[in-house]
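Here is a friendly walk through one model, meant to be read with the structure open beside the text. Please have your viewer ready.

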Amino acid sequence: GRAVFEEAFTALGYAKNISPGHQAVFFDKKLRMWEEQKKNIEKNMFRALSNEEFKIYVQPKYAVAGNDCRSGEALVRWVSGDLGFIIPEQFIPLFEKNGFIVEIDFFVLTSIFKTLQRQLRENRRVYPISVNQSRATVAYPGYLERLQTVMEQYPIPLEYVQLEITESAMEGGGPEFLRLLAALRNMGFSIALDDFGSGYSSLSSLRSLPVDTLKIDKEFLRESDTSERSRTIIKNIVNMSKDLGITVVCEGVETEDQLLFLAKIGCDYAQGYYCAKPMPLSEYEGEYLRIPG
Ligand code: C2E
Ligand code: MG
Ligand code: MG
């Protein structure tokens, strides 16, 4: 059905400009390859985790005003012995469906706790790091207990950890979900609303959700090059966030002009290829967290 096609469109990178009629034959073949790839992914995922095929990359977030790195985002990569390099667009949505995302999210979270603890001990400059938490992860019943276990295993000040939850994950979030977010903040985590503006509930979510940071979806900045409307929307999200005491990160900064625009409107942080690409953790530490002296 339709859902199958939508999943394949996204995984194969067709999302925005598919013309099915034109590419029917080609697409049919691709679709069968994708069905095969899905089976292989699900067959290999457990072994991949124990074989350490999942790697943590970090993308710096730059303070727009000083044009320098102030924090990072952890992004998972899968370098598979059997299947090669698999992009997150392929495996994340699958794992969100089959539940394996909980294991991935905890793998990333635990690694980041461990890393931050080491960095703090090494007495280097340490920046906070955000980790992505899927809806399936935060909604799973043992979530808070498991989080507690990680915190006890690697005790660090929680001001160094931010949890990124996508706006769509919040959609339809009932009172239980709100209580969970409040609990996370009470524990000391800061919460970022990821891909802000990509769903349909943006403004109403702000009314009720306890969040510290908004990450404006990268589509807005991409469109801002040609669309006055998109520039106006970004500008107003930034202004509104200031009034609400919320920090703003703009995603997908690819050009100097885009960074200059963000500086002009007073956006706090920029994340994108123009500032820095996601890189292996060791490279991030070497480049940004040099030990003084
Ligand atoms: P996200 O959390 O919104 O992460 C930002 C994505 O934008 C990353 O894609 C990053 O590489 C990409 N990006 C950064 N700068 C630019 C730019 O200038 N232009 C463009 N076009 N893209 C840029 P990535 O690493 O492929 O990850 C895609 C998504 O997969 C993430 O989006 C996140 O939703 C999900 N993801 C990645 N790692 C994890 C994880 O450990 N757990 C969960 N639950 N989701 C994850
Ligand atoms: Mg994110
Ligand atoms: Mg995002």
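The report below takes up the metal sites, then helix packing, a buried leucine and some backbone details.

## About the model

This is a predicted model, in which local features need pLDDT of at least 70 and side-chain atom pairs count only at pLDDT 80 or more, while totals for chains, interfaces and linings use all residues. Residues are numbered from 1 along each chain as its sequence is written, chains are lettered from A and ligands numbered from 1 in the order in which they are written, and side-chain values use heavy atoms, with hydrogens and water left out.

Helices (H or I, at least four residues) and strands (E, at least two) are DSSP runs, numbered from the N terminus.

## The two magnesium sites

Let us begin with the metals. Glu 73 (OE), Asn 132 (OD1), Glu 164 (OE) and Asp 194 (OD) coordinate the magnesium ion (ligand 2) at 2.0 to 2.3 Å. Along the chain, the donors of the magnesium ion (ligand 2) are spaced E-x58-N-x31-E-x29-D. Distant parts of the chain are linked here: Glu 164 sits in strand β5 (residues 161–166) and Asp 194 in strand β6, 30 residues apart. Donors are N, O and S atoms within 2.8 Å of the metal (3.2 Å for Na, K and Ca); water is not among the atoms, so sites may look incomplete.

The magnesium ion (ligand 3) has as its protein donors Asp 194 (OD), Asp 195 (OD), Glu 251 (OE) and Glu 251 (OE), at 2.0 to 2.6 Å. The sequence spacing of its donor residues is D-D-x55-E. Again the chain is brought together from afar, with Asp 194 in strand β6 (residues 190–196) and Glu 251 in strand β8 (residues 247–251), 57 residues apart. Which residue bridges the two magnesium ions, ligand 2 and ligand 3? Asp 194 does, and the ions lie 4.3 Å apart.

How accessible are these donors? Buried means under 20% relative accessible area, exposed over 50%, and partly exposed in between (1.4 Å probe, protein chains only). Glu 164 has a relative accessible area of 1% and is therefore buried. Asp 194, at 5%, is buried too, and Glu 251 is likewise buried.

## Helices that pack together

Two packed helices are described by the angle between their axes and the distance between the axes. Axes are lines fitted to C-alpha atoms, for helices over the stretch in contact, and angles run from 0 to 180 degrees between N-to-C directions. Angles under 35 degrees count as roughly parallel, over 145 as roughly antiparallel, 65 to 115 as roughly perpendicular and the rest as oblique. A crossing is left-handed if the near helix is turned anticlockwise from the far one by less than a right angle, and right-handed if clockwise.

Helix α4 (residues 101–121) packs on helix α6 (residues 143–153) at about 25°, with the axes 10 Å apart, so α4 and α6 are roughly parallel. Their crossing is right-handed. In contact (heavy atoms within 4.5 Å) are, among others, Phe 106, Leu 109 and Phe 113 of α4 with Leu 147, Val 150 and Met 151 of α6. By class, the residues of this contact are 8 nonpolar, 3 polar and 2 charged. Here Ala, Val, Leu, Ile, Met, Phe, Trp, Tyr, Cys and Pro count as nonpolar, Asp, Glu, Lys and Arg as charged, and the others, Gly among them, as polar.

Helix α11 (residues 228–244) and helix α12 (residues 256–265) cross at roughly 40°, their axes coming within 10 Å, and they are therefore oblique to each other. This crossing is right-handed as well. Arg 231, Ile 234, Lys 235, Val 238 and Lys 242 of α11 meet Phe 261, Leu 262 and Ile 265 of α12. The contact has 5 nonpolar, no polar and 3 charged residues.

## A buried leucine

Leu 181 belongs to helix α8 (residues 175–187) and is buried, with a relative accessible area of 0%. Leaving out residues up to four places away in sequence, Leu 181 touches Ile 165, Met 170, Ile 191, Leu 209 and Pro 210.

## Positive phi values

Most residues other than glycine have a negative phi. Glu 52, not a glycine, has a positive phi of about 60°. Glu 52 is in the loop between α2 (24–50) and β1 (54–63) and, at 57% relative accessibility, counts as exposed.

Asn 67 also has a positive phi, near 50°. Asn 67 lies in the loop between β1 and β2 (68–80) and counts as partly exposed at 45% relative accessibility. Gly 99, just after α3, takes a positive phi of about 90°.
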